[in-house]
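Open your viewer and get ready to select a few residues by number. We will go stop by stop, and each stop says what to pick and what is there.

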Amino acid sequence: MQLDTFKGLLGNGGVRANQFRITLTTPDGSLGDYNLLVTGASLPSSNINPTVVQYRGREIKFAGERTFDPFTVTIVNDNAFTIHGALMNWMEMINGANSNEGVTDWQSYTQQLIVEQLTREQGDSESALATYTLEGAFPINVSEIALNYGQNDTVEEFTVTFQYQYYTYESGSGQAGL
């Protein structure tokens with residue numbers, strides 16, 4: 001492969017892992033600018049589990065059902081615990097800690113989460129190279145927040161894991177995927 005061909009395939013220097021935006025909403029409304037505190041994530045993944053059939057001592061594999069792995073984000077904690085509190089309230093709504101009661105209407109506790117891979121262009125008009133829309137998402141884990149006397153120059157972070165039904169994909173060119 002020629003060097004110029006390789007560079008051409010990367011476009012404007014390739015997609016950068018630090019250029020992303022997560023739009024996180026809770027059943028009681030959007031968190032607004034607090035979405036900026038989401039500082040880490042991965043693009044969502046999916047799998048097609050094989051269906052195995054035995055034939056004359058051999059395993060024959062066929063495409064089976066598609067599954068979607070949980071989605072985890074890393075969030076910086078603000079002084080008011082805004083996102084942390086909103087997520088804890090969301091989980092309490094799903095299943096109360098003291099009562100083991102909660103909402104059972106699926107549409108009442110699920111939300112849409114949007115993950116966008118952004119270009120490197122400056123300004124508020126950042127365009128998305130790819131958009132993943134996670135449908136029917138809800139939190140299944142809000143991690144601990146580590147406390148440590150030795151951590152002088154760090155801000156608290158925690159992770160949240162979401163389960164969702166499926167995701168749709170759209171490229172920046174408008175081509176729909178999944």
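**Confidence colouring**

Start by colouring the chain by pLDDT. Strand β3, residues 29–30, has the lowest mean pLDDT among the elements of the chain, at 76, while β10 has the highest, at 97. This is a predicted model, with a mean pLDDT of 89 over the chain and 93% of its residues at 70 or more.

**The largest nonpolar core**

Next, select Phe71, Ile75, Leu87 and Phe162. In the largest nonpolar core, which has 28 residues, these four touch the most other members. Now show the elements around them: β7 (71–76), α2 (82–94), β8 (111–118), β9 (128–142) and β10 (157–163) each supply at least two residues of this core. Which of these elements gives the largest share? It is β9, with six residues.

Stay with Ile75 and display what surrounds it. Apart from neighbours within four places in sequence, Ile75 is in contact with Leu24, Leu37, Val38, Ile83, Leu87, Glu156, Glu157, Phe158 and Val160. Leu87 therefore appears on both lists: it is one of the four core residues that touch the most other members, and it is a contact of Ile75.

**Helix α2 and a buried histidine**

Move along to His84, which is found in helix α2. Is His84 buried or exposed? His84 is buried, because its relative accessible area is 15% and the cut-off for buried is under 20%. Show its contacts beyond four places in sequence, and you will find Asn77, Val142, Ile145 and Phe158. Phe158 is also among the contacts of Ile75.

**Two buried loop residues**

Select Leu31, in the loop between β3 and β4 (38–41). Leu31 is buried, with a relative accessible area of 12%. Leaving out residues up to four places away in sequence, Leu31 touches Leu24, Thr26, Ile83 and Ala86. Try a distance label on the last of these: Leu31 and Ala86 are 55 residues apart in sequence, and their C-alpha atoms are 8.4 Å apart in space. Two of these names may be familiar, since Leu24 and Ile83 are also among the contacts of Ile75.

Then jump to Tyr164, in the loop between β10 and β11 (166–171). How much of Tyr164 is accessible? Its relative accessible area is 4%, so Tyr164 counts as buried. With residues up to four places away in sequence left out, Tyr164 touches Pro44, Ser45, Phe68, Asp69, Pro70, Phe71, Leu134, Glu135, Gly136 and Ala137. A C-alpha to C-alpha label between Tyr164 and Leu134 reads 6.3 Å, for a pair 30 residues apart in sequence.

**Salt bridges**

How many salt bridges does a search of the whole structure find? The search finds two. Side chains of opposite charge can pair when their charged atoms come close.

Select Arg21 and Glu116 for one of them, where the closest N and O atoms are 2.7 Å apart. Arg21 lies in strand β1 (residues 20–23) and Glu116 in strand β8, so this pair ties together parts that are 95 residues apart in sequence. Arg21 is partly exposed at 30% relative accessible area, whereas Glu116 is buried at 14%.

For the other, select Lys61 and Glu59, whose side chains meet with an N to O distance of 3.5 Å. Lys61 counts as exposed at 53% relative accessibility, and Glu59 as partly exposed at 49%.

**A nonpolar patch on the surface**

Switch on a surface and select Val53, Tyr55, Ile60 and Phe62. Together they make a nonpolar surface patch of about 380 Å². The elements that give two or more residues to this patch are β5 (46–55) and β6 (58–68). Ile60, found in strand β6, counts as partly exposed at 34% relative accessibility.

**Two positive phi angles**

Finish with the backbone. Arg56, in the loop between β5 and β6, has a positive phi of about 50° although it is not a glycine. Arg56 is exposed, with a relative accessible area of 74%.

Phe81, in the loop between β7 and α2, is another residue other than glycine with a positive phi, near 55°. Phe81 is partly exposed, with a relative accessible area of 38%.

Key:
Residues are numbered from 1 along each chain as its sequence is written. This is a predicted model: local features need pLDDT of at least 70, side-chain atom pairs count only at pLDDT 80 or more; totals for chains, interfaces and linings use all residues. Side-chain values use heavy atoms; hydrogens and water are left out. Patches are made of residues with over 30% relative accessible area and no salt bridge: like charges are joined within 9 Å, nonpolar side chains (Val, Leu, Ile, Met, Phe, Trp, Tyr) within 5 Å. Accessible areas come from the Shrake-Rupley method with a 1.4 Å probe; for residues, only the protein chains shown count as cover. A salt bridge is a side-chain nitrogen of Lys or Arg within 4 Å of a carboxyl oxygen of Asp or Glu. Helices (H or I, at least four residues) and strands (E, at least two) are DSSP runs, numbered from the N terminus. Buried means under 20% relative accessible area, exposed over 50%, partly exposed in between (1.4 Å probe, protein chains only). A nonpolar core is a set of buried Ala, Val, Leu, Ile, Met, Phe, Trp, Tyr and Cys residues joined through side-chain atoms within 4.5 Å. Contact means heavy atoms within 4.5 Å. pLDDT is the predictor's confidence in each residue, from 0 to 100.
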